[in-house]
Number of protein chains: 2
Amino acid sequence: MGKSRFLGEFEQFVLLAILRLGVQAYGTTIRQILLDVIQRDVSIGALYTTLTRLEDKGLIRSAMGEATAERGGRAKKYFEITAEGKRALQEARQSLDAMWRDVKLSFVGVKQ
Amino acid sequence: MGKSRFLGEFEQFVLLAILRLGVQAYGTTIRQILLDVIQRDVSIGALYTTLTRLEDKGLIRSAMGEATAERGGRAKKYFEITAEGKRALQEARQSLDAMWRDVKLSFVGVKQ
DNA sequence: GTAATTTATTCTACAAAGTAAAACTAATAA
DNA sequence: TTATTAGTTTTACTTTGTAGAATAAATTAC
């Protein structure tokens, strides 16, 4: 079992992107979600590096799609989050929530 | 001005710790908050490295306290967050919120 | 049937952030 | 004048973040 390290911020974003894409999460769509939702324009190579690492840690798993492409192009590699991945994501969120709790009150000078 | 990079997760935690400590944020107290609130036990050296980097990026500023210690020991270095630091923190939060939005609904199998 | 074209993944290399351990500093107390 | 105490800096290394180029495997157009 993966030595319970912490999730990096980008790793969290990627996990969340996979979750919201559901069954059709693969390189290009994940990258697009990141761009659409948080305007984060990351190179596709950078994204795959993170995907590989997340899989090595057991936080996601992947499966190659059938080679039934219509308009040319290589087969897609689909990703989904594992139970451990969900757990890691929840933990990261809980920590951040805990740190933010009460802080908002004293956080003057910046509109929320 | 600091080339608007993204905040790492630990950097966010440190900024939040400083915010909630208010006027008495310095090495030891920041470390203690991290331990109390999110059970993150980081070495003091690691913390200072991050503090230094945050200051270099203009997200916090520091000031040495008067040498009026009572029971021996060196003067404290107090930290406070800058306007830019608050902004960066807000942005990081907004991105994470945006990515989490709607995800909760499809997030079955893990108690929230 | 082979050379584009298209869609996608993998590799390589480096920068930035996370982290610990040891060294150092500057006070007070014995 | 040497401990002791409370605190900060330095050094060194691991992990994450990131881009760009290379590669792969399909389809389509001569």
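Me: How many residues of chain B are in contact with chain A?

Reply: In this predicted model, 33 residues of chain B touch 33 residues of chain A. Contact means heavy atoms within 4.5 Å, so each of these residues has passed that cut-off.

Me: What ground rules apply?

Reply: Residues are numbered from 1 along each chain as its sequence is written, chains are lettered from A and ligands numbered from 1 in the order written. This is a predicted model, where local features need pLDDT of at least 70, side-chain atom pairs count only at pLDDT 80 or more, and totals for chains, interfaces and linings use all residues, while side-chain values use heavy atoms, with hydrogens and water left out.

Me: What area do chain B and chain A bury between them?

Reply: About 3,300 Å², with 66% of it on carbon and sulfur atoms. Buried area is the accessible area (1.4 Å probe) that two parts lose on being put together, so the value is summed over both chains.

Me: How many salt bridges does the rule find across the interface of chain B and chain A?

Reply: The rule finds 0. A salt bridge needs a side-chain nitrogen of Lys or Arg within 4 Å of a carboxyl oxygen of Asp or Glu. The interface does have 8 residue pairs in polar contact, both residues at pLDDT 80 or more. A polar contact is a pair of N or O atoms within 3.5 Å; within protein, one must be able to donate a hydrogen and the other to accept it, and residues adjacent in sequence count only if both atoms are side-chain atoms.

Me: Which elements give two or more residues to the side of chain B that touches chain A?

Reply: Helix 1 (9-21), helix 2 (27-38), helix 4 (83-100) and helix 5 (103-106) of chain B. Helix 4 of chain B gives the largest share, 10 residues. Helices (H or I, at least four residues) and strands (E, at least two) are DSSP runs, numbered from the N terminus.

Me: How do the residues on that side of chain B divide by class?

Reply: Into 20 nonpolar, 5 polar and 8 charged. Ala, Val, Leu, Ile, Met, Phe, Trp, Tyr, Cys and Pro count as nonpolar, Asp, Glu, Lys and Arg as charged, and the others, Gly among them, as polar.

Me: Which residues are closest to DNA strand C?

Reply: Tyr26(A), Tyr48(A), Arg40(B), Ser43(B) and Arg53(B), out of 37 that surround the strand. A residue is near a strand if one of its heavy atoms lies within 4 Å of it.

Me: What makes the approach of Arg40(B) to DNA strand C a polar contact?

Reply: A side-chain N or O atom of Arg40(B) is 2.8 Å from a phosphate oxygen of the strand. The cut-off is 3.5 Å, so the pair qualifies. Ala46(B) puts a backbone N or O atom 3.3 Å from a base nitrogen of DNA strand C.

Me: Where does Arg53(A) meet DNA strand D?

Reply: At a base nitrogen, 2.6 Å from a side-chain N or O atom of Arg53(A). Arg40(A) instead has a polar side-chain atom 2.8 Å from a phosphate oxygen of this strand. Helix 3 of chain A supplies the largest share of the surface near DNA strand D, 5 residues.

Me: How many aromatic pairs are there over all chains?

Reply: The count is 2.

Me: Why is the pair of Tyr26(A) and Tyr78(A) called edge-to-face?

Reply: Their ring centres are 5.8 Å apart and their planes stand at 75 degrees. Rings of Phe, Tyr and Trp (its six-membered ring) pair if their centres lie within 6.5 Å; planes under 30 degrees apart count as stacked, over 60 as edge-to-face and the rest as tilted. So the pair is edge-to-face. Tyr26(A) lies in the loop between helix 1 (9-21) and helix 2 of chain A, and Tyr78(A) in strand 2 (residues 77-81) of chain A, so the pair ties together parts 52 residues apart in sequence.
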